[in-house]
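Okay, thanks everyone, let me pull this one up on the screen. I'd like to walk through the charged pairs and then a bit of the surface.

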Amino acid sequence: MSKRNVGAFGVFSRGAPIIGLAAASPAAYTFFSRTTMNLREKDDAFAAAIGGFMAGGVLGLPSKRMPIVMALGAFVGGVQGSFKLLGGRLDSFKQEDDEFARKETVRRTTRLPVEQTVSEIGEGRGIKPPGYEERRRERIQEKYGFEINPVKATVEGSQ
């Protein structure tokens, strides 16, 4: 007996304009900023400003007045462009030091000598420094009492 939609899906019929704007505005921002980045082959504040302008314009559409659409577009575009220009952070202008990323870069670009690696983690398990096979044969000889003869790569003629 209510004049309004009351029910499980009533929130969608009453809040349809807000739900639509909340979906369309970020979609417009993402589409236009990514398209601008792709066409210009740059990730800069200009692309964010264009995306912000479009998102603000979508927010101004329900007013049905062009000056409001343009003003909201310019405001949101300016905010998004300046946010991207100033580093894209709310707490500070500079990037925080990422110690893990720095250590990973150093690890990938720095080669350690084999002797240092062997002294840290030992031989075996895929780590075979020079002379490993001889030391292995000696350890087996001492521990189990039999000798392992290495396989020769050349074939000697038996005439």
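So, start at helix α5, residues 99-109: arginine 102 and glutamate 99 sit three residues apart there, which means about one helical turn separates them. Helices here are DSSP runs of H or I, at least four residues, numbered from the N terminus. These two form a salt bridge, with the closest N and O atoms 2.6 Å apart; the term means a Lys or Arg side-chain nitrogen within 4 Å of an Asp or Glu carboxyl oxygen.

Quick caveats: this is a predicted model, where local features need pLDDT of at least 70 and side-chain atom pairs pLDDT 80 or more, while totals for chains, interfaces and linings use all residues. Numbering runs from 1 along each chain as its sequence is written, and side-chain values use heavy atoms, without hydrogens or water.

How many salt bridges does the structure hold? Five. One of them joins aspartate 43 to lysine 84, at 3.2 Å between the closest N and O atoms. That pair links distant parts of the chain, 41 residues apart: aspartate 43 is in the loop between α2 (16-40) and α3 (45-60), lysine 84 in helix α4 (residues 66-85). Aspartate 43 is exposed, at 51% relative accessible area, and lysine 84 partly exposed, at 33%. Buried would be under 20%, exposed is over 50%, partly exposed in between, with a 1.4 Å probe and protein chains only.

Then there's aspartate 44 with arginine 40, a salt bridge at 2.9 Å, N to O. Aspartate 44 is partly exposed, at 21%.

Definitions and conventions
Helix = DSSP H or I, 4+ residues; strand = E, 2+ residues; numbered from the N terminus.
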